[in-house]
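Here are some exercises to help you find your way around a new structure. Try each task yourself before you read the worked solution.

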Amino acid sequence: MDLSYQEKSILGSLAAMVVVYGYYFASVLRDTSHPEFGGGNVTRLVFAVVAIIVIEIVYHIVLALETKVEPKDERDVLIECKAYRNAYLLLATGAFLVIGVVIMAGLASDSAPTRIIVTPFLTVNLVLFFMVLAELAKFLTQLFYYRRGF
Amino acid sequence: MTKGHIRNNVRKLRFLGAEMTQQELAEKIGVTRQTVIAIEQDKYSPSLEVAFRIARVFGVPLEEVFQYETTDASESTE
């Protein structure tokens with residue numbers, strides 16, 4: 001398959017996000033006994049963020065050495081605009097959902113049978129989850145338009 | 001209402017123009033090779049500026065490179 005520099009760049013970033021944040025959220029869900037910040041939870045979060053940065057830098061250095069770097073042209077920018085629109089819609093939806101969860105948790109009485117305890121740890125992870133989803137939506141939209149044509 | 005579609009002769013003009021490669025054309029008009037491919041396949045309509053640059057590279061008027069074809073939408077729905 002003949003992939004452009006932009007497509008290779010997006011594919012690499014997409015793979016890195018899926019692997020690193022997939023591992024991060026899987027480990028958070030596995031260990032729900034301590035839904036608070038402290039110890040391993042902070043380390044995991046910092047590790048995930050640092051890992052993404054390191055992988056992205058290394059991948060793009062290798063990509064630049066192996067593929068001719070092409071600056072974005074008008075079509076790349078248009079596709080990126082469409083991708084950002086989808087990402088924004090997803091992020092805005094996520095933000096409203098998180099706001100809803102926090103408000104509902106605040107309104108629910110202590111005796112409610114299904115009361116959600118919204119800790120800062122849960123809120124941060126929910127926000128992070130929707131940020132990752134938005135980024136994935138951006139990458140997938142870009143790949144879709146590059147393949148289908150725009 | 002009429003529905004429009006932009007067609008182009010970029011591929012033909014490229015071959016007539018000393019068999020210029022897609023990469024060569026891309027470099028001359030300041031876009032990537034993938035964008036030239038998308039234009040040739042009628043999957044992407046370039047901006048006016050890029051359209052004029054393409055016409056200038058081939059030394060022909062814009063209308064010779066791009067044609068705006070219309071079809072009556074009411075005809076197609078009937």
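**Exercise 1. Find where A:Asp31 sits, and work out how open that spot is.**

Solution. Start with the place: A:Asp31 lies in the loop that links H1 and H2 of chain A. Keep in mind that you're looking at a predicted model. Next, take the relative accessibility of A:Asp31, which is 28%. Buried means under 20% and exposed means over 50%. A:Asp31 therefore counts as partly exposed. Last step: try a distance from here. A:Asn41 is ten residues from A:Asp31 in sequence, and their C-alpha atoms are 9.2 Å apart.

**Exercise 2. Decide how H1(A) and H4(A) run relative to each other.**

Solution. First get the angle: the two helices, H1(A) and H4(A), pack at about 155°. Their axes are 10 Å apart. Now compare with the cut-off, since angles over 145 degrees count as roughly antiparallel. So H1(A) is roughly antiparallel to H4(A). For the handedness, the crossing of H1(A) past H4(A) is left-handed.

**Exercise 3. Describe the largest nonpolar core and say which element gives the most to it.**

Solution. Begin with the count: this core holds 42 residues. Then look for the residues with the most contacts inside it, which are A:Tyr21 and A:Tyr24 from one chain and B:Ile54, B:Phe58 and B:Val65 from the other. Now go through the elements. Those giving two or more residues are H1 (5-30), H2 (40-66) and H4 (120-148) in chain A, plus H1 (10-16), H2 (22-29), H3 (33-40) and H4 (48-58) in chain B. The top contributor is H1(A), with nine residues.

Zoom in on A:Tyr21 to finish. Leaving out residues up to four places away in sequence, A:Tyr21 touches A:Ala16, A:Ala48, A:Val49, A:Ile52, A:Leu128 and A:Val132.

**Exercise 4. Is A:Val49 buried, partly exposed or exposed?**

Solution. Locate A:Val49 first: you'll find it in helix H2 of chain A. Its relative accessible area is 35%, so A:Val49 is partly exposed. Now go looking for A:Tyr145, which is 96 residues from A:Val49 along the chain. The C-alpha atoms of A:Val49 and A:Tyr145 are 28 Å apart.

**Exercise 5. Sketch the layout of chain B.**

Solution. Count the elements: chain B has six helices and two strands. Put them in order from the N terminus, and you get β-α-α-α-α-α-β-α. For the dimensions, the C-alpha trace of chain B spans about 45 × 25 × 20 Å along its principal axes. Chain B has 78 residues, and 35% of them count as buried. Finally, take the contacts in chain B between residues at least 6 apart in sequence: 63% of these join residues at least 24 apart.

**Exercise 6. Work out how H2(B) and H3(B) meet.**

Solution. Their axes come within 8 Å and cross at roughly 105°. H2(B) and H3(B) are therefore roughly perpendicular. Now list the residues on each side. From H2(B) come B:Gln22, B:Gln23, B:Leu25, B:Ala26 and B:Ile29, and they meet B:Arg33, B:Val36, B:Ile37 and B:Glu40 of H3(B).

**Exercise 7. Check how confident the predictor is.**

Solution. Take chain B first: its mean pLDDT is 88, with 91% of residues at 70 or more. Then split chain B by element. H4(B) has the highest mean pLDDT, 95, and helix H6 (residues 73-77) the lowest, 54. For the whole complex, the predictor gives an ipTM of 0.82 and a pTM of 0.84.

Terms used: Residues are numbered from 1 along each chain as its sequence is written. Chains are lettered from A and ligands numbered from 1 in the order in which they are written. This is a predicted model: local features need pLDDT of at least 70, side-chain atom pairs count only at pLDDT 80 or more; totals for chains, interfaces and linings use all residues. Side-chain values use heavy atoms; hydrogens and water are left out. A nonpolar core is a set of buried Ala, Val, Leu, Ile, Met, Phe, Trp, Tyr and Cys residues joined through side-chain atoms within 4.5 Å. Buried means under 20% relative accessible area, exposed over 50%, partly exposed in between (1.4 Å probe, protein chains only). Helices (H or I, at least four residues) and strands (E, at least two) are DSSP runs, numbered from the N terminus. Contact means heavy atoms within 4.5 Å. pLDDT is the predictor's confidence in each residue, from 0 to 100. Axes are lines fitted to C-alpha atoms, for helices over the stretch in contact, and angles run from 0 to 180 degrees between N-to-C directions. Angles under 35 degrees count as roughly parallel, over 145 as roughly antiparallel, 65 to 115 as roughly perpendicular and the rest as oblique. A crossing is left-handed if the near helix is turned anticlockwise from the far one by less than a right angle, and right-handed if clockwise.
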